[in-house]
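Student: I should like to see how the terms used for a structure follow from their definitions. May we work through some cases together?

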Amino acid sequence: MTQVNNAYIVEEVQAAFGTDILEHQEPYGMLTLVINPAKIVDLLTWFKQHPIIQAGFLTDISGAHFPDLKGGELNAVYHIQSMTQNIRIRIKCFVPVENPVIPSVVPLYSGANWMERETYDYYGIQFEGHPNLKRILNVDEMDYFPLRKEFPLEDGTRTDKEDKYFGR
Amino acid sequence: MQESIELNKEEVKEYTTLNLGPTHPATHGIFQNILKMDGEIIIDAEQTVGYIHRAFEKIAERRPFYQITTLTDRLNYCSSPINNMGWHMTVEKLLQVEVPKRAQYMRVIIMELARIADHLVCNAVVGVDTGALTGFTYMFQWREKIYDIYEQICGARLTTNIGRIGGMERDFNDDVYKKLREFLKEFPKAFSEFCSLLERNRIFFDRTINTGVISAERALNYGFTGPNLRATGVDYDVRVMNPYSSYQDFDFAIPVGSNGDTYDRFMVRQQEMWESLKIIQQALDNLPQGKYYADVPEFYLPPKEDVYNNMEALIWHFKIVMGEADVPKGEVYHAVEGGNGELGFYLISDGGRAPYKLHFRRPCFIYYQAYPEMIKGGMLSDAVVAMSSMNVIAGELDA
């Protein structure tokens with residue numbers, strides 16, 4: 001039986017997707033792939049159908065906002081896992097904040113429905129092809145995306161908690 | 001004439017819209033289901049969630065690491081200690097800290113107690129929703145006893161904030177051992193009585209078998225984890241797949257069901273409680289001697305004695321309380337087997353005093369999506385039981 005480890009997956013995925021895999025790292029042992037957002041559905045389908053890796057379980061979708069990363073401010077993070085091989089893989093897509101569009105993976109995983117709605121609710125990432133992309137946790141009338149970094153949590157006029165007082 | 005009236009009846013057939021929730025006793029939490037009913041049969045359902053959304057992920061971005069534990073308390077409040085431990089372990093993974101064996105075993109004891117408390121509430125409530133209130137009153141008494149043990153360990157009962165980053169805040173005192181032994185001795189007797197009330201009960205069979213069914217394939221597609229997934233026959237358990245906190249040292253089975261119906265979910269939880277008791281017994285018997293916290297002075301508060309008498313300890317104390325400790329940059333995902341399934345913490349750290357981003361993978365939020373699919377075509381009264389057997393906890397659902 002083939003030894004499935006991170007190196008093997010990288011080799012396989014690069015053979016199949018080539019330059020669409022923009023980057024790969026292994027922070028704390030978990031393989032992290034950065035992929036061209038347009039290819040996310042193809043990649044997840046490929047992982048699901050791969051005869052050896054069999055990563056057919058979508059654990060989680062979340063987002064992140066990096067205001068300094070011009071052209072890829074918003075970030076959708078997919079965690080998938082293979083129950084047969086007991087391996088977890090993290091996949092990231094970076095999209096510009098002006099036009100944050102990522103194809104929806106709901107046709108592939110029913111469970112992605114609310115995960116994508118939550119990510120949309122928090123970050124405003126548009127999941128194209130989602131059957132019902134509306135807010136889930138916040139009120140429908142909300143007209144901003146609260147987890148973006150331009151909304152500091154505390155009153156901006158407070159100075160006693162600024163990082164500079166803590167030597168940063 | 002007769003014929004045309006019949007035809008009209010066909011045309012104007014109307015469905016009833018029924019609001020199940022947001023504040024209905026049968027939902028056991030604040031979430032709404034808008035049901036489309038044909039008499040007593042459910043045609044369609046749509047859930048609305050978010051009633052107790054508290055924006056934990058946003059709040060966490062401004063809090064020092066040790067203060068986030070109190071947020072995790074309020075996720076699945078039926079088993080807060082598991083959430084607390086999950087968070088401590090996530091940070092320990094980020095810091096690459098190895099916790100001493102004794103602390104790991106202590107954590108296992110507490111987490112398994114929490115699992116019993118969680119499953120106990122769930123299954124007792126399944127009983128209530130099928131009309132058997134007696135079991136509930138019996139079992140809540142035992143949940144109280146578990147809470148008494150928590151109280152001896154950490155001083156709190158429901159939102160426990162138990163343990164610290166790097167270990168446990170204090171060692172078990174004599175009362176904890178006494179109460180634990182008492183629990184291990186007395187609980188199985190009472191629990192067997194509860195089992196005999198429901199497990200082979202004809203009325204209970206009729207209410208639960210073949211209701212709220214989901215297949216293994218659909219459950220996996222929906223991202224089910226925990227007892228609800230195991231009820232469909234998939235033996236996925238984080239404790240075995242990715243052992244944390246020394247779970248590999250213990251001998252226990254993963255109970256699985258076959259149909260994925262309400263009865264299977266109930267039975268998987270029942271069996272898991274027996275397994276949890278076995279784990280607690282093993283951990284208590286083999287509890288290693290030694291320290292109960294790791295050497296992480298930048299996160300683990302020094303003893304008060306030292307803070308008053310020792311300069312270095314005072315400095316650490318101040319730095320920790322002000323949230324000044326340095327953390328490495330990086331991102332980690334850590335999962336624990338919560339009461340309801342895989343509870344994951346996805347943490348991005350930029351080296352600052354608070355996480356750059358923290359995401360909770362809440363099992364409830366993910367599997368509750370499947371609820372309409374599970375209840376469609378069934379009776380309203382079965383839908384209520386199906387919901388309580390899924391153990392949807394509003395705190396975990398909304399974060």
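Tutor: Helices (H or I, at least four residues) and strands (E, at least two) are DSSP runs, numbered from the N terminus. This is a predicted model, in which local features need pLDDT of at least 70 and side-chain atom pairs count only at pLDDT 80 or more, while totals for chains, interfaces and linings use all residues. Residues are numbered from 1 along each chain as its sequence is written, and chains are lettered from A and ligands numbered from 1 in the order in which they are written.

Student: What phi does B:Gly155 take just after α6(B)?

Tutor: B:Gly155 has a positive phi of about 95°.

Student: How do you know that the span of helix α6 of chain B agrees with its number of residues?

Tutor: The expected span is 1.5 Å times one less than the number of residues. For the 22 residues of α6(B), residues 133-154, that gives 32 Å, and the end C-alpha atoms are 31 Å apart, so the two agree.

Student: Which residues of α6(B) are called buried?

Tutor: A residue is buried if 20 or more other C-beta atoms, placed from the backbone, lie within 10 Å of its own, exposed if 12 or fewer, and partly exposed in between. The buried residues of α6(B) are B:Gly135, B:Met139, B:Ile146, B:Ile149, B:Tyr150 and B:Ile153.

Student: What puts these buried residues on the same side of α6(B)?

Tutor: The arc is that of the directions from the helix axis to the C-beta atoms. The buried residues cover an arc of only 100°, which therefore puts them on the same side of α6(B). On the other side, B:Leu133, B:Thr137, B:Gln141 and B:Glu144 are exposed.

Student: Why is α4(B) described as largely enclosed by the rest of the structure?

Tutor: Because 15 of its 16 residues are buried, α4(B) is largely enclosed.
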